[in-house]
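The exercises below are meant to be worked with the sequence and the coordinates side by side. Each one sets a task and then gives a solution in steps.

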Amino acid sequence: MKVLITDYDFPDVDLELALYKAAGVEVVTAQCRTEDEVIAAAAGCQGLLVQYAPVNAKVFAARPEIRIASRYGAGFDTINTADAAKYGVWVGNSPDYGVGEVSTHALAMALDLIRNITVYDRAVKAGEWHYTTAGIIPRASEMTLGLIGLGRIGKRMAHISRNVFKRVIAYDPYIIDGDFPAYVERVGREDLFRQADVVSLHTPLNDDTRNLVNGSLLKLLKPNSYLVNSARGGLINIDDLLAALESNQLKGAALDVLPVEPPETASAIVQHKRVLLSPHAAFYSDVAAQELRRKAAQNLIDWDRTGRPSYVVVEGNKK
């Protein structure tokens, strides 16, 4: 088997190379950003290990030898799953590597917005020393946390947040009632935006969720609410988000992900004083990064050995 490792965002791929060497897998590496670059680099490769490079029908048609694509990450929106199914290509991911990291990061961002830690820090460094420099601060234990998505990360977020907030409510049309924890109240999407003081997003990006958070939903929020996104940048319409901030429908937003990454430094969302940003880092801890890389790479080894990856997103043709 021959594998292309492409467009990785790590200092090296020594871990992956060691795994593949032990498994007798041939490896090539390339920093591809376009379909054409993937096609050029993937000659003779049966497997792809990708992060952000686009993988779709154009790639599969040009390289029919590709039988499996595994993505670094729980999300798989850079791989067109419908195209993969059409061409009989397996798709795998790493859905459970950073559950604790992402949920902890989301809660940390929410609490930073509520407690205004970053604002206090800037004030102190500017020579201001007074508890009022960050404005009015609400009491978290009197607030409602609303979760959009109650998968692995959403459930962990609910668990670690239930003693911080007065209520935890959630919307997830794909989860049955029995999978909702007893301490999480199920509500509809519009009701969640009406009731929540803090909305945190934990859903994948697909055709149903792209621009999910838009002007019509944001207008349902209580004045001075908060929004946290540690999932996918494309879930939010950024122009509508900025409008909600300007109208004070939103008091603040915390974003670990953006529709375009990295963003332009001068963009309105980056420069907004009530937007807290981190660089798509919610997944990261040293341990989680190692686990992510190992599981994404192992998908290809398992497929080569058994005809099936460890974590299946799309079932392809038999070997």
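Helices (H or I, at least four residues) and strands (E, at least two) are DSSP runs, numbered from the N terminus. The model is predicted, and every value below is computed from it.

**Exercise 1. Overall form**

Task: Describe the fold content of the protein and decide how its radius of gyration stands to the globule rule for 319 residues.

Solution. Begin with the secondary structure, which consists of twelve helices and 13 strands. The radius of gyration is 21 Å, close to the 20 Å that the globule rule gives for 319 residues, so the protein is as compact as a globular protein of that length. Next, take the extents of the C-alpha trace, which spans about 65 × 50 × 30 Å along the principal axes. Then turn to the contacts with a separation of 6 or more, of which 62% join residues 24 or more positions apart.

**Exercise 2. Surface and charge**

Task: Characterise the surface of the protein and the distribution of its charged side chains.

Solution. The accessible surface comes to about 15000 Å², and carbon and sulfur atoms hold 51% of it. Buried residues, on the other hand, make up 49% of the 319 residues. For the charges, count 35 positive and 38 negative side chains, and then locate the centres of the two sets, which lie 3 Å apart.

**Exercise 3. The largest nonpolar core**

Task: Identify the residues that touch the most other members of the largest nonpolar core, and trace which elements build that core.

Solution. The core holds 29 residues, and within it Val-199 and Leu-241 touch the most other members. Two or more residues each come from α8 (189-195), β9 (198-201), α9 (215-218), α10 (238-246) and β11 (250-255). The largest share, five residues, is supplied by α10. To see how Leu-241 is surrounded, set aside residues up to four places away in sequence; the residues that Leu-241 touches are then Leu-218, Leu-227, Ile-236, Leu-250, Ala-253, Leu-255 and Ile-269. Another core, of 23 residues, lies apart from the largest one and includes Met-109, Leu-145, Leu-150 and Ala-254.

**Exercise 4. Lysines compared**

Task: Determine whether Lys-2 is buried or exposed, and do likewise for Lys-86.

Solution. Lys-2 is found in strand β1 (residues 2-6). Its relative accessible area is 19%, and since buried means under 20%, Lys-2 is buried. Beyond four places in sequence, the contacts of Lys-2 are with Glu-26, Val-28, Ala-43, Gly-44, Cys-45, Gln-46 and Gly-47. The C-alpha atoms of Lys-2 and Ile-236, residues 234 apart in sequence, are 38 Å apart in space. Lys-86, by contrast, lies in helix α4 (residues 81-86). With a relative accessible area of 67%, Lys-86 is exposed, because the cut-off for that class is over 50%. From the C-alpha atom of Lys-86 to that of Phe-60, 26 residues apart along the chain, the separation is 9.5 Å.

**Exercise 5. Backbone exceptions**

Task: Which peptide bond from Glu-261 is cis, and what phi values do Asp-7 and Asn-224 have?

Solution. Most residues other than glycine have a negative phi, and most peptide bonds are trans. Against that background, the bond from Glu-261 to Pro-262 is cis, with omega near -5°, and Pro-262 is found in the loop between β11 and α11 (268-271). Asp-7, which is not a glycine, has a positive phi of about 50°; Asp-7 lies in the loop between β1 and α1 (14-23) and counts as buried at 1% relative accessibility. Asn-224 likewise has a positive phi, near 65°, and its place is in the loop between α9 and β10 (225-229). Asn-224 is partly exposed, with a relative accessible area of 41%.

**Exercise 6. Contacts across the sequence**

Task: Place Thr-203 and Glu-291 in their elements or loops, and list their contacts beyond four places in sequence.

Solution. Thr-203 sits in the loop between β9 and α9 and is buried, with a relative accessible area of 16%. Its contacts, leaving out residues up to four places away, are Ile-148, Thr-209, Leu-212, Ala-231 and Leu-235. Glu-291 belongs to helix α12 (residues 286-306) and is buried, at 18% relative accessible area. With the same neighbours in sequence left out, Glu-291 is in contact with Asp-96 and Tyr-97. The C-alpha atoms of Glu-291 and Ser-94 are separated by 8.8 Å, although these residues are 197 apart along the chain.

Definitions and conventions: Residues are numbered from 1 along each chain as its sequence is written. This is a predicted model: local features need pLDDT of at least 70, side-chain atom pairs count only at pLDDT 80 or more; totals for chains, interfaces and linings use all residues. Side-chain values use heavy atoms; hydrogens and water are left out. The radius of gyration is taken over C-alpha atoms; the globule rule is 2.2 Å times the number of residues to the power 0.38. Buried means under 20% relative accessible area, exposed over 50%, partly exposed in between (1.4 Å probe, protein chains only). Contact means heavy atoms within 4.5 Å. Accessible areas come from the Shrake-Rupley method with a 1.4 Å probe; for residues, only the protein chains shown count as cover. Lys and Arg count as positive and Asp and Glu as negative; His and the chain ends are not counted. The place of a charge is taken as NZ of Lys, CZ of Arg, CG of Asp or CD of Glu. A nonpolar core is a set of buried Ala, Val, Leu, Ile, Met, Phe, Trp, Tyr and Cys residues joined through side-chain atoms within 4.5 Å.
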